[in-house]
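Here's a quick briefing to read alongside the structure. Have the viewer open as you go through the points.

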Amino acid sequence: MQTLLKQAPARRLLLLMLSCLLVLPAVLLPAAAHAESSAPAQVTITNTNVTAGQSATVPVMLTSPGDGVGAYNMQIDFDPSILSIVSITPTHGEAAPEDGAPSATGYFQSNFDNTAGWARVIWIDSTGGSSRIIEPVQLFAIEVKSLSSETTGTYHLTVDTSNDENWAFYRSSSYTIPSTVDGGEIVISKEPVATPTPTPTPTPTPGGSGGGSTTTPVATPSATPTATSTPVIVYIDGKEQPQFATSKTSEQNGRKSILLEVDNDKVIKQISTSGINELVLPVQDTTAAIVTGELNGQLVKELEGRGASVKIQTPTAAYTLPAIDINIDSISAQVGASVALSDIKITISVKTADSAAASAIQAQASKQGLNVVGAPVDFEVIAHYNGKSVVVSQFNHYVERTIALPAGSNGKAITTGVVFGSDGTLHHVPTYISVTGSTYWANINSLTNSSYAVVYAPASFKDVENHWSKNDVNDLGSRLIMKGVSSTEFAPNASITRAEFTATLLRALGIHKASGSTSVSFSDVLAGSWYENEVKLAVSNKLISGYADGTFRPNGLITREEAMIILNRALALTTLAQVSDAAEIDSLLAAYGDSASVSASAKAAVAAALKNGIVQGADGALNPDSNITRAETAAIVKRLLVKAGLING
């Protein structure tokens with residue numbers, strides 16, 4: 001049938017379908033009623049605004065069904081040099097099943113050609129009469145894209161209503177209903193056509209258990225949902241899956257919100273036979289300030305068992321969340337182990353930060369001497385059951401989110417992504433810049449959920465201008481990782497203390513929040529000291545353990561061996577491999593003349609640093625007992641982030 005649709009005009013294909021449904025003429029229209037209709041059908045192609053170079057959705061409505069519609073065909077034409085069609089999604093009707101079983105909403109078929117500039121759509125009541133359209137309804141939605149970021153003006157989606165090959169509405173195969181069409185105006189403008197207005201963002205209560213899940217009441221924003229629920233396409237491992245989710249549009253405190261509700265049973269059935277790596281829920285609407293994907297706990301469990309991820313994709317941001325990091329078992333324990341997973345609702349949201357949050361971030365950026373690039377974005381995961389909400393705010397592995405930089409941005413004028421911390425300051429999170437076409441993307445890897453932004457904050461220290469570490473030091477200074485001894489001096493050859501090294505590594509990894517409740521028991525970590533919180537963070541994330549005598553020795557100088565032990569523990573957060581095989585450890589260390597000086601407890605850590613290219617020997621020596629310098633710290637920390645794919649090289 002799809003092949004026929006590509007080759008034949010819509011009316012001829014529709015007549016072929018009508019002729020196959022032999023009962024249709026008898027039941028669609030009483031024998032005495034084959035007279036000229038006095039009630040024509042009216043179709044409206046909704047007038048739509050679109051930002052130049054972006055996409056928008058055009059609903060096509062049957063605003064008046066006349067005396068009932070049993071079938072229709074239409075061809076919509078457009079200027080292919082200005083517009084293209086991304087998708088056509090039925091909102092009334094479904095693809096004909098292989099077994100030919102009748103559908104309560106009829107059979108729908110569509111196709112489009114972006115070279116010739118046409119879209120063809122047909123629909124037929126597959127029941128032989130009982131599903132004729134007798135009330136106003138949205139028929140389908142067309143996603144159109146403006147091809148140029150420079151072209152503006154008013155263009156049209158048009159229909160040749162004088163040609164029944166392109167336009168015809170039927171009550172039965174022998175009875176045509178007079179029909180008209182309105183609208184179809186596409187206005188392309190330079191600026192976005194809808195400006196988000198503020199809405200409060202729920203703030204999780206610190207604490208809780210289960211990988212950062214906290215139970216807290218979450219305010220329900222005022223929303224006015226639309227009357228229709230539109231079927232949308234999702235993607236399973238890159239393959240389109242039509243009608244596996246529905247889209248609902250609402251307004252939350254003046255901001256446009258789109259909710260994608262996944263048909264959990266359909267997805268579970270699909271992945272049970274073909275497997276899955278990634279479920280993608282896409283939205284192309286550039287005017288939506290809030291995009292939320294909704295699935296249930298049973299589907300999350302199925303995805304977790306297959307090592308799969310869920311991705312929310314919008315034109316300006318994306319959020320890729322491994323199902324295992326949702327930690328559905330912990331959520332289940334909090335809402336009640338007897339509650340069926342299918343009754344637990346999981347919402348994953350990508351939100352343009354409201355004006356209050358954006359203003360707070362901008363104000364703090366100014367205090368820290370940072371320039372914010374583009375709009376901040378909030379990322380949120382919440383589980384819901386019976387009025388209880390569990391906020392998932394912390395993860396055991398890096399979770400990637402991407403933010404599109406504004407049109408015309410220079411990717412080189414970006415230094416890092418930052419997270420808006422609970423202390424009101426902006427902290428580095430590992431970020432690399434990629435480019436697709438003319439759009440630069442900030443790919444941010446973080447262990448928490450919060451508000452994120454992209455900043456430009458170039459650093460340049462005078463005393464590394466001619467030093468071998470210049471690039472590493474200035475790069476990490478721009479990323480808010482390495483700090484100078486003054487605003488212009490770095491002191492590259494000075495040694496670094498254990499507390500300073502720990503704090504630097506925490507900033508590099510984007511760790512700014514303790515995992516669960518952690519108390520510091522080291523006898524020499526004083527309450528109120530500048531490093532007290534850093535030590536707590538490091539202990540919480542299993543990066544440090546201290547000495548056998550119960551001390552941490554924060555002001556002691558750190559050796560290269562000790563630094564490699566801490567770095568090895570950090571590998572557990574990344575995709576880089578630790579080394580445990582004794583033969584491999586011996587092989588990696590054998591290349592260095594002083595390998596015998598490496599402590600037995602440090603050999604695996606040193607081997608891992610060598611294997612991953614994080615540490616390089618000097619003149620054939622590892623110098624494990626030498627104190628590490630500030631410049632060397634910058635070099636090995638940067639190598640760790642680059643080798644782990646967390647920042648650009």
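What follows covers one strand hairpin and the internal cavities. Keep in mind that this is a predicted model. Two cavities of 30 Å³ or more turn up, and the lining of the largest one draws on two domains. The hairpin to look at is formed by strands E23 and E24.

**The E23–E24 hairpin**

- Strand E23 spans residues 371-385 and pairs with E24 in the antiparallel sense, over four bridges.
- If you want a spot to check the register, Ala383 sits opposite Val390 in E24.
- Two residues lie between the strands, and Asn386 takes a positive phi near 50° in this hairpin.
- E24 (residues 388-392) has four of its five residues buried, so the rest of the structure largely encloses this strand.

**The largest cavity**

- Its volume comes to about 40 Å³.
- Gln394, Leu447, Thr448, Gly510, Ile511, His512, Lys513 and Asn541 make up the lining.
- By class, that lining splits into five polar residues, two nonpolar and one charged.
- Domain 2 (230-456) and domain 3 (462-644) each supply at least three of the lining residues.

**The second largest cavity**

- This one also holds about 40 Å³ of space.
- Around it you'll find Arg560, Met564, Val615, Ile628 and Ile636.
- Four of the lining residues are nonpolar and one is charged, with no polar residues.

Technical notes: Residues numbered from 1 in each chain as written. Predicted model: local features only at pLDDT ≥ 70, side-chain atom pairs only at ≥ 80, totals over all residues. Heavy atoms only, no water. Buried < 20%, exposed > 50% of the residue type's maximum accessible area, 1.4 Å probe, protein only. Pairing = 2+ DSSP bridges. 1 Å grid on protein atoms, 1.4 Å probe; cavity = no way out; pocket = protein on both sides within 12 Å on 5 of 7 lines; lining within 4 Å. Points joined across faces, edges and corners; volume = space filled by probe spheres on them. Nonpolar A, V, L, I, M, F, W, Y, C, P; charged D, E, K, R; others polar. Domains from an automatic or database assignment.
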